[in-house]
Every structure is written in C-alpha cells, then in structure tokens.
Amino acid sequence: MGRLKPLMVRQPRIFWRKNYIFALAFALLLALPFIFTAHFQHHVMIKVLMFTFLGCAWNIIGGYTGQVALGHAAFFGIGAYTSSLCYIWFGLNPWFGMFLGGILAVAVSAVINYPCFRLHGRYFAIATLALGMIIRLLFTNWRLVGGALGVRLPLLPESLWNFQFHTTKLPYYYIALVLCALIFAILYKIERSKLGFYLRAIKESEEAARSLGIDVAKYKLVAMSISVFFTAMAGTLYAQYILYIDPISLMPLMTSILICVVPVLGGAGTLWGPALGAPILLIAIEYSRAWLGGGGRGIDYMIVGAIMVAIIFRPGGLTSFFQGPRFRQWWRRIRG
Amino acid sequence: MKLLEVKGLTKKFAGLVANDSLDLEIDQGEIVGLIGPNGSGKTTFFNCICGVYPVTKGSVRFEGREITNFPAHKICKGGIARTFQLVNTLMNMTALENVMVGAFCRTTNTNRAREIAEELLEFSGLPEKKDILGSDLTIADKKRLEVARALATKPRLLLLDEAMAGLNPTEQKEAVELIRRIQREGITLLVVEHVMQVIMPLCERLVVLDAGKKIAADVPERIANDERVIKAYLGERYYAKRATLRSE
C-alpha cells in the first residue's frame, strides 16, 4: 500500500508537529511586542520586520538571480509616494494605493531596468545605483509631488481600513509581520518552482541558462518585477507608519545599500538570510543612533561598512553556518 | 527532408573569417563528426547554429524551418541542445538540480521535472551523484552531467562539443557507450572531437574543417586516407590508418 500513498498531501496537524520549531518561532514573534513594551523597542521591531521584508524582496533579483541591484530605494519611494499622493489627490484607500504603487514600480523598473540587464556584475550594480539616485533627484525637484519638502499625510481616525494608528505602534508591527509571512510563503513557493530553478541557473551561468532554453532577459525582468513590486509595498507601509515622506529620508543611498546588505549578511539567495541579517543590522543601527544621539551620526554607516568588509570572509552569509552536514544532522534529530 | 540543413554559413569576426560558407546536411538518426585543427572554426560553427553568435551570411534550417539567428533559448525550445567545450556546470546546484533546469524546458511541474532528471541521471550513469554539488563533481562526471542536462530539454538534435576531451581511456569508452545509447533513443548527434580513436568508429560521416573552410566530408575510412585531411589535421598517414584499424 505504501506505493499508493499520495506524495504531496500534507496533513496540517502532522505538518505542525514536524515543524513545531517554526510554530514556536511564529508564536514568539506574535508575543514579542508584549515582552518588549517600550515604544522605541516597538519601533525597532517594526524596522526589523520592514527590512526583513525588503531584504526578501531584494533577494529575488539580487540573491537568487544574482543581479546586484543597488537602486531599490527608488522603488521603495515610488511605493510610498503613489499610495500617499493617490490618497491626497483622489481619496484612494492606501491599501489599494499599496498595490497601485507596486504596479507603478513594476512599470518604471521595466522601462529603466530592462536596458541594464545587458550589463553584468559591477556594471549592472553601478547602473542601477545611478538610476536610483536620478529618481531621488527627480522627486526632490518635482514641485507637483511636494519637491524637497515632501508630503504630509492627513491624519485620520485610526483603523485598519485607514491604515493609520496613533495610540500604539502595535498594529504596524502585526501588519509588517503578515507581510513578512506572505513574502516568505511566496519565496518558499518560488524556490521550489520552475521560476526559482531558472533564476538560480541564470545566476550560475547565463550562457548555460540560454542553452537550456531559458529566456534570460525575460526571467531577469520577471524577477526584477516581483522584487520591486514588494519593495514598493513596503514603501506604503513606511509612509503610513511615519505619515510624512520626503525624498531625502525615503530614498537615500543608505536605504538602497541597506536593502542589499540585509540579505547579503544573512545569506544572499536563501529564504532565511534576510530574517537573520535584518535584526542584527537594524538593531545595531537604531540603537547606535539612539544611544549616541546627535554625536552618533554616521555610526550606522560605519556599522554597515564594517559588516560589508566582514562579509568578504564569509561570502555565504550567516546562513552558510547552518548548511554544514553537522548542523543538518542536529536539525534532523531535533525535528524528530 | 533533412533534419539540419546549413547552407553557405559564413561568420566573420572583424577581419577574421571563422566560418567560410559552410554547407552541412544531417539526416535523422545519424552521428556526424566534426573535426579539424584548433582554430578551424568548429566551436564557432556550433555557436552559429545555436544562436550564440549572429550569422554573417547563410542560412540554418532545422526540420525544414528557418532558424537562422534565432536566440539561443528558442533554438533549444525548437529541439537543438548543445554541450560546451569548457564545461558550464551550474556549480552551486546539485547534479539533480542541474538536470532539472533542463527538464523545465518541457514542463512546469517540479515533480515531473525531478522525475525526468532522475531518469536521465540514471541513463547517463550518474544516479548516485544526484545530490552532489556541481562544483564537487569530477571532470568526467561534469561532462556526463552536461549531456544529461542537454538531454533533459528533449532535443531531436544534440551537439556535443568535445565531450571527451580530458577523459581517460576508460571514461572515453563509457562516453562512447553513452553516445551510442543516445543514438538508440532516436536522437541525432553532431559531435566535435579530437580523439580520433573514438570518433572514427563512432561516426557514420565526418566533416573536416580547416581555417574555416570545409575541406572534406565523407565516411571515416576515406577521410583517414584523404590527402588534404592528413596534411591539415591528421598528420602522419600511418597514425590515421592505425586509428581506423584499431577500431575494427
């Protein structure tokens, strides 16, 4: 009878029993804001989740596909601006604005990033870096969208529908958590699908990929589109969280670099990489800023710089520590 | 109808004529060998057929369809697969995953792709290597893997670019067996090779290139004794003869 057992039917109860570690971790994440209750701690946790989300989004093009894009802050900004301005101009609910922002980011990236796909390695990185900075300058000088002064979102009564909360930061935390769970599920699926295999093949060798029937330009575009779509979604979350957006704080070079360094520190092209990288980086950055106050300006840059140098010694990132045979053995024992 | 019909194919790199109006016809089910000294344009010829380089002049037809200057991925989808002279293994993917990438050319289902890949690893004699990373395989295994990966795209014509270079005699013998098995599956082969002992008995027809020009095309026995071929490539006449004899 063993032969007839269907392969892919997973019973949920068994799934949770086998993956109780994930269940525990998720429960811990749900309870975390009640363990650390200070406002600032909540702020840091939200930032961590947001950058986990952004790192996962970047991972699709930068990690799995190996195209190191350094202009993602621009799409983060496009997402924030689209939802905010659509609300102010047309009264469009930010939840819809979030998707509209994603679609707009995909359209913009298709126009400006597609030509970049002809470039490789560092040249691709430089081109996307430059494009990201150009978009920031455009926004800074664009009167219609508020120019350098930015956009202030009107205060509304707090509700999930309005995507605004004033008395507590908790809802933002849980929204970010849901978004992270969503992107994890999507990446988990992609990793095991044709798309995931094709993206990894492109990273390894474009020549081999082409010879195996992979339309390299098309799949790079697909990866980039998925990536910037989610990046723009995070932009909306940020705008609704801060309720004020301007090009200088939204699209600095630092954001682009951070979006890239988070998954690279954790392990580029791995599902868990961004979730490992984001807490380390963001906690270090936010706390150095808080403790050192005005005198600490720039410390966060130093931290990112130091981590980038450290990555040279472990190109696989933190997840590469968990991929040895000994760890696997231990993991199998734990999972029973 | 010929399976592959190349007419007047010319490829120029700046001033250098790498392929000079080459003609080649391949019938369904054949094994055709492509030989010639280094730099005679064999790999360029492959790359022109496979859409890696744009062709300067001439035409390529596959199963009656014009495929000249098609992009490489379309050529593969159309039914021509190739291996690389310098192995192009996907280093950070396991052997199984390497072949699965090829299998995804004809299916979108991951389980189906895994089945196809496992079958082909078995077929090419690598079943126990399936979980080994591409970078950890030996050169012989990498070459087999490359063939398995190409086969996973379900080609009707397979181009092998020096699949036996760097292999020891035992490995070469296994590779020959593999090529024969591929032929029995009904796949036509165009093989670039330098190892004469291998290619002479294997191929039904040999095409000889020299400095981008086709200097001979015939059955191996006559090629081995062709004046021009010996002068351009085979070298000593006795060496060529011995090669044919040994194979019999």
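Visitor: Does Lys129(B) count as buried, partly exposed or exposed, and at what relative accessibility?

Guide: This is a predicted model, so every value here is computed from predicted coordinates. Lys129(B) counts as partly exposed, at 23% relative accessibility. The cut-off for buried is under 20%, so Lys129(B) falls outside that class.

Visitor: Where is Lys129(B) found?

Guide: Look in the loop between α4 and α5 of chain B. Leaving aside neighbours within four places in sequence, Lys129(B) is in contact with Ala95(B), Leu137(B) and Asp141(B). Take Asp141(B): it is twelve residues from Lys129(B) in sequence, and the C-alpha atoms are 8.6 Å apart.

Visitor: Ala95(B) brings us to α3(B). How many residues of α3(B) are buried?

Guide: Nine of its nine residues are buried, so α3(B) is mostly covered. Among them are Glu97(B), Asn98(B) and Gly102(B). Val101(B) is on the list too.

Visitor: What do the buried residues of α3(B) pack against?

Guide: They pack against elements of both chains. In chain A the partner is α8 (194-204). In chain B the partners are α4 and α5 (139-152).

Visitor: How do I describe a pair of packed helices?

Guide: Use two numbers: the angle between the axes and the distance between the axes. Now the case here. Helix α3 of chain B spans residues 95-103, and helix α4 of chain B spans residues 110-123. They pack at an angle of about 115 degrees, with axes 8 Å apart. The crossing of α3(B) and α4(B) is right-handed.

Visitor: Which residues make that contact?

Guide: From α3(B) come Ala95(B), Leu96(B), Val99(B), Met100(B) and Ala103(B). From α4(B) come Thr110(B), Ala113(B), Arg114(B), Ile116(B), Ala117(B), Glu118(B), Leu120(B) and Leu121(B). By class, the contact has ten nonpolar, one polar and two charged residues.

Visitor: Why do spacings of three or four places matter on a helix?

Guide: An α-helix has 3.6 residues a turn, so residues three or four places apart point the same way. Compare that with the contact list: Leu96(B), Val99(B) and Ala103(B) from α3(B) are in it.

Visitor: On to the chain-chain interface. What area is buried between chain A and chain B?

Guide: About 1900 Å². Carbon and sulfur atoms give 63% of that area. Phe197(A), Glu204(A) and Leu212(A) supply 33% of the area that chain A buries against chain B, more than any other three residues. By contacts, 18 residues of chain A meet 24 residues of chain B.

Visitor: What is a disulfide, and how many does the structure hold?

Guide: A disulfide is a covalent bond between the sulfur atoms of two cysteines. The structure holds zero over all chains. Cys180(A) is in none; the nearest cysteine sulfur, that of Cys56(A), is 6.5 Å away. Cys180(A) is buried, at 5% relative accessible area.

Visitor: Why is Cys105(B) not bonded to Cys76(B)?

Guide: The sulfur atoms are too far apart for a bond, at 4.1 Å. A disulfide needs the pair within 2.5 Å. Cys105(B) is buried as well, with a relative accessible area of 6%.

Visitor: Next, backbone torsions. What is phi of Phe163(A)?

Guide: Near 60 degrees, a positive value in a residue other than glycine. Phe163(A) sits in the loop between β1 (151-152) and α7 (170-191) of chain A. Its relative accessible area is 0%, so Phe163(A) is buried. Chain B has a case too. Phi of Glu162(B) is near 50 degrees, again positive in a residue other than glycine. Glu162(B) lies in the loop between β7 (157-161) and α6 (169-184) of chain B. Glu162(B) is buried, at 8% relative accessible area.

Visitor: Last stop: is Met233(A) buried or exposed?

Guide: Met233(A) counts as buried, at 3% relative accessibility. Met233(A) is found in helix α10 (residues 216-242) of chain A. Not counting residues up to four places away in sequence, Met233(A) touches Phe53(A), Met98(A), Phe99(A) and Leu179(A). Met233(A) and Ala105(A) are 128 residues apart in sequence, yet 9.4 Å apart in space, C-alpha to C-alpha.

Key: Residues are numbered from 1 along each chain as its sequence is written. Chains are lettered from A and ligands numbered from 1 in the order in which they are written. This is a predicted model: local features need pLDDT of at least 70, side-chain atom pairs count only at pLDDT 80 or more; totals for chains, interfaces and linings use all residues. Side-chain values use heavy atoms; hydrogens and water are left out. Axes are lines fitted to C-alpha atoms, for helices over the stretch in contact, and angles run from 0 to 180 degrees between N-to-C directions. Helices (H or I, at least four residues) and strands (E, at least two) are DSSP runs, numbered from the N terminus. A crossing is left-handed if the near helix is turned anticlockwise from the far one by less than a right angle, and right-handed if clockwise. Contact means heavy atoms within 4.5 Å. Ala, Val, Leu, Ile, Met, Phe, Trp, Tyr, Cys and Pro count as nonpolar, Asp, Glu, Lys and Arg as charged, and the others, Gly among them, as polar. Buried means under 20% relative accessible area, exposed over 50%, partly exposed in between (1.4 Å probe, protein chains only). Buried area is the accessible area (1.4 Å probe) that two parts lose on being put together, summed over both.
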